[in-house]
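Trainee: I would like to take a close look at one part of this structure, the place where two chains meet. Could you walk me through it?

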Amino acid sequence: MKLDAKIPSGPIEQAWDKARFDMKLVNPANKRKHTVLVIGSGLAGASAAASMGELGYNVRCFCFQDSPRRAHSIAAQGGINAAKNYQNDGDSIYRLFYDTVKGGDFRSREANVYRLAQNSLNIIDQCVAQGVPFAREYGGALTNRSFGGAQVSRTFYARGQTGQQLLLGAYQALERQVQAGTVTMFPRTEMLDLIVIDGQARGIVTRNLVTGELNVHIGDAVVLASGGYGNVYYLSTNAKGSNVTASWRAHKRGALFANPCFTQIHPTCIPVSGDYQSKLTLMSESLRNDGRIWVPKQKGDKRRPDQIPADERDYYLERRYPSFGNLVPRDVASRNAKHVCDEGRGVGETGLGVYLDFSDAIQRLGEHVIRERYGNLFDMYQRITDEDPYKVPMRIYPAIHYTMGGLWVDYYLQSTIPGLFVAGEANFSDHGANRLGASALMQGLSDGYFIIPYTVGNYIATSKLDKVDDSHPAVQQVVSEVQQGITSLLSIKGKRTVDSFHRELGKIMWDECGMSRTAQGLEKAIGQIRQLREEFWQNVTVPGSGDDLNQSLEKAGRVADFLELGELMCIDARDRNESCGGHFREESQTADGEAQRDDENYSYVAAWGYTGPDSAPALSKEPLEFKYVYRSQRSYK
Amino acid sequence: MKLTLKIWRQKNRDEKGRFFTYPVENVNPEMSMLECLDVLNESLIERGEEPVAFEHDCREGICGSCGFMINGVAHGPQSATTACQLTMRHFKDGQELTIEPWRAAAFPLIKDLVVDRRALDRIIQAGGYISVSTGNAPDGNNIPVGKDIADRAMDAAACIGCGACVAACPNASAALFTGAKISHLGILPQGKPEQDRRALSMVAQMNTEPFGSCTNIGECTAACPKEIPLEVIATMNRDYRGATCRKRDDLVQVVAPVTGWSSSSKS
Ligand SMILES: Cc1cc2nc3c(=O)[nH]c(=O)nc-3n(C[C@H](O)[C@H](O)[C@H](O)COP(=O)(O)OP(=O)(O)OC[C@H]3O[C@@H](n4cnc5c(N)ncnc54)[C@H](O)[C@@H]3O)c2cc1C
């Protein structure tokens with residue numbers, strides 16, 4: 001399939017202006033006659049639904065939680081980037097653009113990233129106006145902190161709860177539209193399929209999670225903002241409900257899936273403690289502003305951290321990357337942590353951990369300053385580990401955190417199915433092979449507040465949309481397929497729980513498609529996943545029925561999709577025989593163990609098409625061009 | 001560790017519920033309360049029984065999905081801690097824990113430990129926002145906000161909407177929840193223009209829902225996993241009193257509470 005990203009011609013600085021000017025507008029009086037379906041109420045979905053409601057569209061918004069305010073975005077801690085240059089430290093739109101393209105290891109689309117950097121300014125303004133209580137200086141100005149991969153201070157934050165406050169801002173805007181009657185909210189509702197008629201996305205089939213009813217929603221456009229798929233690894237920092245179902249089912253209806261193997265492993269999470277463990281807890285990247293990362297120089301050093309003198313400690317990031325030190329990007333920090341642990345220098349009972357030590361910062365600034373900056377994170381750490389990080393260094397280890405891959409979209413955030421738009425973590429668009437900290441919140445809100453409302457309008461204004469209703473045979477076909485899927489899950493009545501399959505899949509993914517990957521390992525994983533999937537469909541047990549609240553059934557549907565996605569991720573990772581960003585192929589590294597890109601052969605977006613249950617996915621390539629940021633071997637030394 | 005869990009099971013709102021007693025072995029002191037329920041549920045499923053339905057998502061104490069009464073205390077014995085972050089090391093080997101859902105008329109039961117908290121969303125709909133449409137905002141630094149003001153707003157804004165305050169209150173009042181939003185937005189300069197209107201509408205909606213009245217007992221703040229201070233209720237009362245004088249003739253609209261889930265009763 002030939003992929004046309006529809007990047008506006010001309011200088012990148014004017015691309016978005018030009019695109020907006022060229023878009024067709026919907027007559028204000030006609031907007032309410034158009035229904036837009038928004039799946040997801042996280043930062044991307046809530047901001048898109050609210051903004052389109054404000055414009056006058058008839059919006060329906062869906063989430064599987066009991067309230068839109070609980071979307072996974074709520075858990076983001078550290079902050080959101082914007083090129084405001086309030087600190088007068090040399091920041092600019094161009095610099096944020098540059099850092100993000102470089103941080104993504106030259107696997108993102110320049111024009112998208114430039115627009116993201118432009119929109120970052122408006123996002124902060126919008127959120128402040130909504131009452132988001134960002135951190136302030138005594139004089140009343142907004143303050144900033146630093147995040148990895150940047151040498152300027154451009155991250156805005158609300159204590160350790162930035163995602164919560166941004167989401168509440170968007171949620172409140174959304175509820176205002178619910179009251180105004182422009183948005184109808186459908187909580188506890190899960191999208192289970194996409195309805196495509198005459199090649200256009202025209203609706204969705206949902207399951208009411210309380211009553212089990214299947215419902216059809218018809219619309220003129222569908223916006224998927226259903227989040228990322230990190231939970232394919234079972235253990236991740238994502239919320240337990242985060243899943244790929246909405247995206248995956250759209251994929252099976254024709255939307256290409258781009259760069260599925262690009263996953264982000266976050267360097268600072270609380271290490272795993274036992275097999276009962278259900279999720280991993282992130283310790284925000286912001287901690288690397290003041291915490292220093294180290295391990296003992298000697299292998300197997302079992303002394304308490306305070307008994308290891310300074311000259312027997314290896315502050316390995318400061319040593320290897322003197323110019324960025326502890327603030328190297330996430331992929332680099334994670335790989336280095338794995339490396340020192342593989343050498344046998346890891347700390348804690350399992351040996352899978354490194355220290356994040358605040359004692360120097362506490363000495364320099366005083367405990368109260370550290371408490372003020374990170375108090376809630378320290379409390380969380382203490383609650384989980386029973387150790388006091390003001391006294392002993394934190395123990396941290398990398399964990400799956402974010403997925404850069406997602407449904408392929410063009411510059412207008414439209415997928416390969418006309419009328420199906422994808423926003424937020426669910427699309428692949430802006431982060432290339434590695435996302436810089438504090439830029440997912442930025443992207444979600446840029447998509448939702450400032451891009452989707454225009455581009456969806458343009459689509460509606462320029463498309464021929466015939467009238468469709470529930471009785472259309474294509475609609476009934478999808479409904480019956482969804483019903484069949486549910487019935488078959490309930491009727492297997494095998495011996496293994498859904499979670500046991502999910503755990504096993506997660507382990508395969510982590511071992512072979514995690515922090516470092518090899519062709520051989522990926523090949524093995526593909527075989528294992530196929531086998532596991534086969535066993536799932538013969539031996540899973542899903543108790544209860546389909547006509548009431550049934551959490552096992554919800555999980556079963558999601559895990560069934562993960563079992564298919566996992567294979568595609570491994571295929572994509574095997575196919576990409578280079579290292580870039582978070583995708584580290586052992587076969588492709590520099591002499592000192594850094595990721596070695598292969599621009600000659602792999603400077604493209606890999607977009608995969610679904611071809612059927614047991615047939616190989618079809619690869620389409622979108623070549624990437626770099627006209628502004630000079631493509632170099634990424635170095636943070 | 002071994003524990004005995006006495007858990008409220010109820011198939012739906014219409015059927016009667018009762019406590020079931022489940023022994024759970026191999027409880028690791030490091031696991032969270034929810035992970036302990038996971039372990040129980042896995043064994044129930046393996047025995048062919050339906051697992052205990054409970055709500056959860058982030059498991060980091062911020063989404064507000066989880067929560068139930070543990071031995072009569074909302075979110076359990078550890079202060080400032082949600083059930084998902086409550087580790088089992090706070091219990092003794094052999095202990096019996098009684099686990100039941102939030103009980104309040106405004107939170108109708110859905111199944112087992114899952115209740116319907118949409119009343120809280122409706123209170124926000126009534127006025128828990130600043131009316132600023134996308135694109136309408138001045139530069140972020142145009143309105144200086146002193147650090148002390150921003151900090152106080154943040155203290156109130158930290159509410160996660162879990163409903164523990166309502167469950168803990170002998171009157172099942174939502175005053176702490178409503179007061180937290182009224183305080184968060186009212187303290188900030190951006191929120192001042194709508195301060196009166198907000199207080200009137202949100203309080204009116206709260207009173208329309210079957211929540212009880214606040215009699216200043218303070219159980220809410222004691223149970224609150226985010227330690228929202230009681231003073232937000234005083235702020236709400238002050239704002240409301242002022243607003244009723246100034247805006248006495250304004251029409252206040254409320255939304256009719258919806259309790260059904262079937263798609264026909266939705267919009
Ligand atoms: C612990 C943690 C901390 C983070 N910290 C930061 C940070 O400091 N800075 C930063 O920039 N980024 C951070 N991130 C990343 C960032 O939070 C996410 O990438 C971002 O919030 C995703 O937003 P979203 O709107 O795309 O999706 P989500 O917030 O995941 O929302 C998805 C929505 O889709 C709905 N949904 C999903 N599937 C279906 C379905 N089938 N049917 C109906 N509804 C469905 C859900 O109900 C939900 O409403 C963090 C992530 C984690 C895990």
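Trainee: How many salt bridges does the rule find across the interface of chain A and chain B?

Mentor: Happy to help! Before the answer, a word on the ground rules: this is a predicted model, where local features need pLDDT of at least 70 and side-chain atom pairs count only at pLDDT 80 or more, while totals for chains, interfaces and linings use all residues. Residues are numbered from 1 along each chain as its sequence is written, chains are lettered from A and ligands numbered from 1 in the order in which they are written, and side-chain values use heavy atoms, with hydrogens and water left out.

Now to your question: the rule finds 10 salt bridges across the interface of chain A and chain B. A salt bridge here is a side-chain nitrogen of Lys or Arg within 4 Å of a carboxyl oxygen of Asp or Glu. One to look up is the pair A:Asp548 and B:Lys111, whose closest N and O atoms are 3.3 Å apart.

Polar contacts are also found here, with 53 residue pairs across the interface of chain A and chain B, both residues at pLDDT 80 or more. Such a contact is a pair of N or O atoms within 3.5 Å; within protein, one must be able to donate a hydrogen and the other to accept it, and residues adjacent in sequence count only if both atoms are side-chain atoms.

Which parts of chain A take part? Several elements each supply at least two residues of the side that touches chain B, among them α2 (43-55), β5 (183-186) and α15 (551-575) of chain A. The most comes from α5(A), with 9 residues. Helices (H or I, at least four residues) and strands (E, at least two) are DSSP runs, numbered from the N terminus. By type, the residues on this side of chain A divide into 30 nonpolar, 34 polar and 20 charged. Here Ala, Val, Leu, Ile, Met, Phe, Trp, Tyr, Cys and Pro count as nonpolar, Asp, Glu, Lys and Arg as charged, and the others, Gly among them, as polar.

Finally, the extent of the interface. With contact meaning heavy atoms within 4.5 Å, 84 residues from chain A and 84 residues from chain B are involved. Together the two chains bury about 6,800 Å², 49% of it on carbon and sulfur atoms. On chain A's side, A:Arg70, A:Tyr276 and A:Arg383 supply 11% of the area buried against chain B, more than any other three residues. Buried area is the accessible area (1.4 Å probe) that two parts lose on being put together, summed over both.
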